[in-house]
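Reader: Before we begin, could you take me through how the parts of this protein are arranged and how they meet?

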Amino acid sequence: MLHARLEVDPGTAIGPVPRRIFGTFVEHMGRSVYEGIYEPGHPTADAAGFRADVLALVQELGATTARYPGGNFVSGYRWEDGVGPVASRPVRLDAAWHSVETNEVGLHEFARWASAAGLELMYAVNLGTRGIAEAADVLEYANHPGGTALSERRAADGTPEPFGIRLWCLGNEVDGPWQIGHKTAEEYGRLAAESARLMKFIDPTVELVAAGSSNAEMPSFGEWERTVLRHTAGLVDHISLHAYYEEWDGDVDSFLASGAGLDRYIATVAAIIDEVAAETGAAPVGISVDEWNVWYQRRWNEIDKPRVMNGDWPAHPRLIEDEYSVTDAVVVGSLLISLLRNADRVSMANLAQLVNVIAPIRSEPNGPAWRQTTFFPFQLTAALASGQVVRPSVASPLYETAKYGAVEVLDTVATVDDSGTVTLFAVNRSATEDLALEAVLPGAGLRLQRASTLGVPEGGDRHTSNTATAQPVAPRELAGVTITPSPDGASSLVGATLPALSWTVFVFGAASDPSHSDETVASRG
Ligand code: AHR
């Protein structure tokens with residue numbers, strides 16, 4: 001048994017939980033839109049063709065924003081194809097994913113669905129094959145109140161009131177040679193700056209996200225951010241980073257330390273933001289982790305991609321429908337801890353993606369929809385993180401990883417709200433040993449309201465996953481949590497055992513706070 005200790009001091013809070021870090025991503029790719037959220041003819045489909053069973057799971061997930069319509073797809077997309085009468089919309093080649101796009105779903109349909117799902121729409125413009133004029137056009141179409149050709153066209157297309165979209169991504173992964181319209185940092189920096197300038201002339205209330213690096217291993221990483229930020233200083237509000245993790249060759253120790261990798265990636269981008277802010281005098285921008293997840297990219301690149309990219313041009317083929325294990329869910333929980341831990345720099349984040357495509361929710365045509373293992377840490381973190389984020393002081397054993405060097409076995413972050421409720425998120429990164437945890441929490445007489453853990457289920461192993469027919473992986477109550485007043489009466493002392501390879505959330509309510517009854521927590525969770 002390993003041992004770790006932590007202490008939560010609300011005086012060291014780094015800022016409020018940024019609700020937008022619980023965003024997701026819906027790309028016109030594979031079966032994310034078609035046969036994912038939208039399937040006319042499905043027994044649960046509404047009059048517009050959207051599946052009620054999938055919508056219910058999306059609502060349960062509790063995400064806050066949805067990035068749309070891509071991803072790589074957006075770099076070849078003409079937004080006009082997705083508006084106007086559905087019957088006259090063109091069918092196009094989607095060269096990014098070697099598919100055909102029918103355009104049955106476009107801006108109006110998606111915006112209505114997102115609103116029903118309680119998601120703020122984050123719209124990406126095409127800065128791959130297109131440029132400043134088209135970025136300005138789609139903004140005017142979406143947000144201008146009326147009286148111009150584009151805004152009147154929106155009204156005629158069925159939405160008289162402006163969509164009022166605040167969040168706009170200036171292209172996608174333009175640094176990658178796989179991207180349609182791939183650019184150098186200089187080329188993209190200029191294009192992003194001039195698109196941003198015009199977009200803010202048209203609607204000064206928009207928040208703009210410049211595209212940062214596609215991953216921390218890109219040869220241009222660092223120089224890309226510096227160049228793009230210099231060009232866009234004072235014009236954009238956020239810069240993105242994309243981060244996907246996977247287990248390579250059975251190296252579970254490195255995989256479980258993915259959150260340490262994300263911490264370092266964020267710290268590097270933050271340092272460059274500060275450097276450029278000091279140089280230009282512009283305010284430091286936020287970091288939009290606008291694609292993150294576990295994704296078995298190696299499998300995609302080596303096996304699926306050669307097959308898909310050389311074949312036919314199918315409509316909504318099965319693409320990267322990764323089936324997530326317990327281990328993957330623990331890593332997703334740990335990545336969420338990293339996002340919270342960096343809440344002073346990360347302004348928003350999008351779990352990529354939402355349905356079917358590397359997603360927490362899966363669905364089958366004319367069949368069921370279900371929760372993947374990764375659904376649970378996301379749902380519980382989004383539901384239970386509240387108030388101010390606190391980085392606990394931690395004394396944890398270290399373990400060696402091939403990828404990140406020595407990393408703490410205990411990965412943790414806390415939130416503390418105005419009523420004194422303390423929520424503690426904790427991952428035991430050891431794949432083999434339980435971890436005895438001692439926690440010193442602020443406030444005497446805290447009451448345990450919840451201790452939910454996600455780990456290896458009875459009769460399963462770390463590779464166990466949920467499928468269409470069986471879902472053995474779900475959070476369960478963590479037994480044996482003790483809570484006692486500290487000798488000086490100022491704090492509460494908690495004891496718990498975190499199982500090997502597990503993610504856990506604890507909620508402790510202040511004794512005096514009646515609003516934090518067990519019932520309240522159950523309904524929030
Ligand atoms: O989310 C899948 C793909 O990953 C996106 O289209 C792209 O932006 C990234 O490479």
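The exchange below concerns a predicted model and takes up its domains, their interface and one sheet.

Reader: Into which domains is the protein divided, and how far apart do their C-alpha centres lie?

Author: Domain 1 is made of two segments, 2-10 and 387-521, whereas domain 2 covers 18-384. The contact draws on 44 residues from domain 1 and 38 residues from domain 2. Between the C-alpha centres of domain 1 and domain 2 the distance is 30 Å.

Reader: Which three residues of domain 1 supply more of the area buried against domain 2 than any other three?

Author: The area buried between the two domains is about 3,300 Å², and carbon and sulfur atoms give 64% of that area. Of the part that domain 1 buries against domain 2, 20% is supplied by Tyr404, Arg462 and Trp503.

Reader: With which residue does Arg462 form a salt bridge?

Author: Between domain 1 and domain 2 the count is three salt bridges, and 17 residue pairs are found in polar contact across the interface, both residues being at pLDDT 80 or more. In the salt bridge of Arg462 the closest N and O atoms are 2.8 Å apart, and the partner is Glu247.

Reader: In the sheet with the order 16-1-21-25-24, which residue of strand 25 is the bridge partner of Thr484?

Author: This open sheet of five strands has mixed pairing, and its edge strands are strand 16 (393-395) and strand 24 (482-485). Strand 24 pairs with strand 25 (residues 491-498) in the antiparallel sense, over four bridges. The bridge partner of Thr484 in strand 25 is Leu493.

Terms used. Residues numbered from 1 in each chain as written. Predicted model: local features only at pLDDT ≥ 70, side-chain atom pairs only at ≥ 80, totals over all residues. Heavy atoms only, no water. Pairing = 2+ DSSP bridges. Helix = DSSP H or I, 4+ residues; strand = E, 2+ residues; numbered from the N terminus. Domains from an automatic or database assignment. Contact = heavy atoms within 4.5 Å. Buried area = accessible area lost by both parts, 1.4 Å probe. Salt bridge = Lys/Arg side-chain N within 4 Å of Asp/Glu carboxyl O. Polar contact = N/O pair within 3.5 Å; in protein donor to acceptor, adjacent residues only side chain to side chain.
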